[in-house]
Amino acid sequence: MHIYDSAKREEVLFVPIKTDKVKIYVCGPTVYDNAHLGHARSALVFDLLRRTFIELGYKVIFVKNFTDIDDKIIKKMDETGQTLNEITSHYINMYKNEMKSIGVKDADLEPKATQSIKEIIDFIEVLLEKKIAYQISNGIYFDTSKDNKYLTLSRMKMDDTKARVEINREKKNQKDFVLWKFSKNKEPSYDASFGTGRPGWHVECSAMIEKHMAYDGSYQIDIHAGGADLFFPHHENEASQTRCKSGQELARYWMHNGFVTINDKKMSKSLENSFFLKDALREYDGEILRFYLLSSHYRANFNFSKEDLLVSKKRLDKLYRLKKRVFEYKKSTLCKEFKKNFLKALSEDLNISKALSLLDLMISKTNEELDLNPKNKTIKFETNANLKWIESILGIGYQNPYMYFQIGVNQTEKRYIEELINKRAKAKKEKDFKKADFLRETLTCRGVNLMDTANGTQWEKVK
RNA sequence: GGCGACAUGGCCAAGUGGUAAGGCAGGAGCCUGCAAAGCUCUGAUCCCCGGUUCAAAUCCGGGUGUCGCCUCCA
């Protein structure tokens, strides 16, 4: 497996800390609002990474957190009058359900910041003892000047004159960041030896990683992943904290996914161009969204467009049409060469384009073979197994192929369609092609495509 | 201002110095009563200008353009 390491800024061979094991931590969402397509892509990309490692034979420990205490959540409390827990549990449930409908599996562990307060406090206490953290009027801060490796991850050069962050004269260095915010009046808070308050964002991840993943005597995980926007300052700060506290590097490899853009602009609150996953799911099938969002390289930006999404749907349609042709042939003996090549492509820093081109080639080659040998069971068995494997590695093609083409068609409609198909068959038998074509046209107008095959007339809802 | 990414046929998108994968759309054909589906064939010298090299989309330098991070952000 080769992956692009954002820290080294080059593609490198992946070498696990412990043979055949991979510990992956992904920065999850702050749960104060609905997930948008950007969250979906990040989740999908690292879901694919996880599946790839599993297929390569690794034992994967996959952790994704929820940030459930944060200024934005508190703001939401003020706006809605709801409790912290009402807000966060609502958005966590939404997130998990929506991710499920695009085929993202739950992480092995999904820690919440509020359930790791003790570890966060302990973490900060150690930093205070080591004089790496210090207190000012509004909280505990991390002294970045104590870490001579600070900024080596992101390679940023701090130019205070251009920094957009508000200048705080109490801080020792302007790049110092908050570890613990003292609470004002009725804000949610936790008691700590150094004062009542709540954790800062960066320290949560470091503490949760330590709590859940630092065993076997190591603070280090294999891969730390997240959106490209987290590289600085979030990941830089996480790395620094852990380095200063434990003396070890937090992660061996850093991976960052590119953004989902709308009209080439990053989806963001301020631009009001967020496309929420729940809205997308109202319009498109989750499987198609998954396939679409996975269809290009994870580090490139992904410009969302309906047209491109429909291209992905067509590509998926083709897979399902092949699945129809081999559906009843369940004996499993997949093509080793296909699997090997496909995994090889994914092992090149998740080269999905290359992998999908192999899938397309497999599909068209198999269709050709089946055109020539419609009754060849060996081909059908193998193809069925190939598609089964694609389900597990890509998470697509898992539906009943007949049902797939009937999404959004109710029973009454189905009966009507079948009735017209029967009438048309009768007309065809009587060589009344004018009537047959009229019946077909009637269905076409309703978005139903007919196809006459050796096994009778089949239909697809094309919308 | 600092740091960085990207620029490949109409669109989407791979590409490890040796003469451009794949998908969609378009065109031609096979199949079909006609279609649909499926299959076959069909198109680019890779933003511009220099340089290195026997050889560059791929390396180097300089432009131009787009986007991102440096405030919360997947």
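Let us start with Phe342 in this predicted model. Leaving out residues up to four places away in sequence, Phe342 touches Ala355, Leu358, Leu359, Trp389, Ile390, Ile393 and Leu394. Phe342 also belongs to the largest nonpolar core, which has 101 residues. Together with Phe53, Ile223, Leu359, Ile390 and Leu394, Phe342 is among the residues that touch the most other members of that core. Helix H1 provides the largest share of the core, nine residues. Where does this core lie with respect to domain 1 and domain 2? Domain 1, residues 2–266, and domain 2, residues 313–404, both give residues to the core, so the core lies between them. In general terms, nonpolar side chains in soluble globular proteins tend to be buried together.

I turn now to the domains. Chain A is divided into domain 1 (2–266), domain 2 (313–404) and domain 3 (411–461). The centres of domain 1 and domain 2, taken over C-alpha atoms, are separated by 38 Å. Their contact draws twelve residues from domain 1 and 14 residues from domain 2.

My next residue is Asp349, which is placed in the loop between helix H10 (336–346) and H11. Is Asp349 buried or exposed? Its relative accessibility is 1%, and the limit for a buried residue is under 20%, so Asp349 counts as buried. The side chains of Asp349 and His297 are joined by a polar contact of 3.4 Å. Setting aside neighbours within four places in sequence, the residues in contact with Asp349 are His2, Ile3, Tyr4, Glu11, Met255, His297, Tyr298 and Arg299.

Finally, I come to RNA strand B. Which of the 57 residues around RNA strand B come nearest? They are Lys72, Trp201, Gly227, Leu230 and Lys265. For three of these, an atom pair can be described. The side chain of Lys265 has an N or O atom 2.4 Å from a phosphate oxygen of the strand. For Trp201, a side-chain N or O atom is 3.5 Å from a phosphate oxygen. Gly227 instead places a backbone N or O atom 2.3 Å from a sugar or linking oxygen.

Considering the RNA atoms within 4 Å of the protein, 65% belong to sugar or phosphate, and the rest belong to bases. The protein surface near the strand comprises 25 charged, 18 polar and 14 nonpolar residues. Several elements each supply at least two residues of that surface, including helix H1 (37–55), strand E9 (221–227), helix H11 (352–372) and helix H14 (411–429). Helix H1 therefore appears twice in this account: it gives nine residues to the largest core, and it contributes to the surface near RNA strand B.

Note on methods:
Residues are numbered from 1 along each chain as its sequence is written. Chains are lettered from A and ligands numbered from 1 in the order in which they are written. This is a predicted model: local features need pLDDT of at least 70, side-chain atom pairs count only at pLDDT 80 or more; totals for chains, interfaces and linings use all residues. Side-chain values use heavy atoms; hydrogens and water are left out. A residue is near a molecule or strand if one of its heavy atoms lies within 4 Å of it. A polar contact is a pair of N or O atoms within 3.5 Å; within protein, one must be able to donate a hydrogen and the other to accept it, and residues adjacent in sequence count only if both atoms are side-chain atoms. Helices (H or I, at least four residues) and strands (E, at least two) are DSSP runs, numbered from the N terminus. Ala, Val, Leu, Ile, Met, Phe, Trp, Tyr, Cys and Pro count as nonpolar, Asp, Glu, Lys and Arg as charged, and the others, Gly among them, as polar. A nonpolar core is a set of buried Ala, Val, Leu, Ile, Met, Phe, Trp, Tyr and Cys residues joined through side-chain atoms within 4.5 Å. Buried means under 20% relative accessible area, exposed over 50%, partly exposed in between (1.4 Å probe, protein chains only). Domain bounds come from an automatic or database domain assignment. Contact means heavy atoms within 4.5 Å.
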